[in-house]
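Colleague: Can we go through the aromatic contacts in this one?

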Amino acid sequence: MVQAILEDNHHNLWISTESGISKFNPTNTLFENYNFLDVWESDLFCESSSFKRTNGELLFGSFNGMYIINPSSFESQVFSSSVTLTGLCINGIPVSPNSPDSPLKESIRKTSDIRLNHGQNSFSLEFSSLNFHNSHSNRYTYILENYDKEWNPVTQYNVATYKNIPAGKYVFKVKNVNNPYASADAETILFITIVPPFWKSSSAFILYIVLCSIIGFFIVRLLFKMNKLHNQVEIEKQLTEFRLRFFTNISHEFRTPLTIIRGSIESMNKQKPVPPTFKKHIETLEKSSAKLMRLIDQLLEFRKMQNNQMSLRLEQTEVVSFLYGIYDLFSETAARKNINFTFSSDEESKWILLDRGKIEKVLFNLLSNAFKHTPEKGNIAVEITFQEGEEYLILRVSDSGIGIPPEKQHLLFQRFKQINYSSSGIGIGLHLASEFTTIHKGEIKYSESTWKGACFTVAIPTVTDIYDEKDIISSVSTPLNNTLSTSEDNYSPAMEAIKQQVSTLKYKILLIEDDEEIRLFLEDQLNDSFTISTAPNGRIGWETAINEEPNLIVCDVMMPEMDGFEVTRKLKSDFQTSHIPIILLTAHSSIEHQMEGINAGADAYIIKPFSTEYLTIRIIKLIEQREKLQYKFAHEPGIIPTTICTTDKDNEFIANIHSIIEKHLDDPDFSMDDFAQAANMGRTIFYKKIKGLTSYSPNEYLRILRLKKAAELLKVTDLNVSEVAYKVGFNDPDYFSKCFREQFGMRPTQFRGIS
């Protein structure tokens, strides 16, 4: 126990205990321990009772007496030895050179560097200054360079512990700080290397780089190949598109000479009498041109199918006679090849919804294939059965031809695949037949016929509720459905009578066509019925229409400088020509092109090749319809809504004219010059516009409107005839009555008496 504490002149504290005397210097926190026996005999000290300091000497009192100690007589001990590493623990386990997986090859005291693997990155280092004189006063500080940012705080604890040290190179330094006389460089150093795991080693990274380079090379190569393949596919698509577009354009071009061919055939048929031999040649020409037309339509249908533009056009059809008509087209071929060609049906007549165009192409393709591959004296049969329970029409075409090998049957309905080579085919017939049947909600199958040849079975639903309403069309022809077959179906002796009746009127028709042959042909065909003027392209046609103001314009669509759609839009937007009816002729048969023509303002859209008879009747009916509206407007009493105009611009003009007339209705001196001035138009243009729209001069049209207003006043007012005459601008009531009777076929008093 402490017996006494004294402070000397140097501020050292001297502490007396039973075991000796210790000196403590508070300024440098150093202890100097002195064994009491080194100075005095042990029996000199007992329990001290008091102490005091005087003249630098220390006085200690004890039971044995008073003692005087001079601190300057004690000599300090100096130790200059460095710190020594004494132990190593890895993951809490002490290791030595003999330990398994030990990084030590010799004692840690003799080791200057150690190498640890990635699993040995938690370790402890023990160290000592080997100063066993007052060892409890030893103080240390250490640092692990590249890991610690600064020296660790001074501690008496002689173990440095580190956990989860990252892989790398480090330097461990430790020094003793309790000896003020020791050198500042007296540091113990240990180089420590922690080896990273293999996957983080330099070799691994080199391997990674090599592997990434190899993978990158193959990826780049693969991407290059994929890009090349993609480009090839795109190029192939473009080439296919160009080919199809080329064939489509060629098909459209075919329609122009076909128009001339079929028109010429019609002209020859009109010659009376026709010699039997000559008539047979004409029939051959008709069949050949019809076959060529079907082939062109087939290619165009294929083009539509490629562009996903296929749609159904269903109409009520007597299917037995319809299919028999297609069958009959091949009768001559069957007779020529001496083929037994039969047609059978389990019902004589049946009406169903049918897309006539598509089913015609299906049966035509099946029969064409049958005749191609059936030898002379063979058999071909067309059978029709109706499955009432399942509500299907079954169409079966079988032959005694070469048939289809089993290994090639899966290629039957693929496009551009010819199972059995034929120089007259391109391999799209069966593909189209399959697509048309599918669009018609049906199914087509192949089987072996009873004659060991080919047998194709087509099943078409006969129910109506499986189809969309938009796919069902009226059986009556519309301006958007003016194909050759339609025109022939609608042509009748009644139309011929109409044609003969109005042909002498010599309406002025402007024909705009860039193809010289078809222009001359149409001019020759129409010249007997109309006064024809022609234009070789759209721009000249537009200028001619403005200058000559024809009664009707027939215009081709595909022309240089200005196509038919643009010509139509310009004419319909021009005030001077907006009232002129326009018929567009084109080889484009798609609904989209037809809609574009109608939206541009065309009054009719006729597809090439067309019947010249049909074109003539179409022209006559348009003019006749217009004249009927004009006549009805002029000769029926009372104000009738303006229905003689086909464009908004014309309707606006007529409404303005009616408004002007209403303001000057009772003015008998209101002349045509005043009329034109009120309409803000020149006299010539005003006259032509009124004449073109109404077929009356402005003065005639003014008189008609005065009379129609008079008829209205006679019905709704109690004014007498003279008052009504003055009210509508007539100075002479007798002249008013005469004009009223000429216009409406009765006197004003008779008209008033009609309820």
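Modeller: What follows covers ring pairs, burial and charges over rings.

Modeller: This is a predicted model, where local features need pLDDT of at least 70, side-chain atom pairs count only at pLDDT 80 or more, and totals for chains, interfaces and linings use all residues. Residues are numbered from 1 along each chain as its sequence is written, and side-chain values use heavy atoms, with hydrogens and water left out.

Colleague: How many aromatic pairs are there?

Modeller: The count is 17. Rings of Phe, Tyr and Trp (its six-membered ring) pair if their centres lie within 6.5 Å; planes under 30 degrees apart are stacked, over 60 edge-to-face, the rest tilted.

Colleague: Why is the pair of phenylalanine 127 and phenylalanine 172 tilted?

Modeller: Because their planes are at 40°, with the centres 6.4 Å apart. Phenylalanine 127 is in strand S11 (residues 123-128) and phenylalanine 172 in strand S14 (residues 168-176), 45 residues apart. Strands are DSSP runs of E, at least two residues, and helices runs of H or I, at least four, numbered from the N terminus.

Colleague: Are those two phenylalanines, 127 and 172, buried or exposed?

Modeller: Both phenylalanine 127 and phenylalanine 172 are buried, meaning under 20% relative accessible area (1.4 Å probe, protein chains only).

Colleague: Which residues form a cluster through ring pairs?

Modeller: Phe123, Phe127, Tyr140, Tyr142, Tyr147, Tyr162 and Phe172.

Colleague: New topic: where does the charged end of lysine 175 sit?

Modeller: Over the ring of tryptophan 151, 4.7 Å from its centre. The rule asks for NZ of Lys or CZ of Arg within 6 Å of the ring centre and within 35 degrees of the ring normal. Lysine 350 has its charged end over the ring of phenylalanine 386, 5.9 Å from the centre.

Key: Buried < 20%, exposed > 50% of the residue type's maximum accessible area, 1.4 Å probe, protein only.
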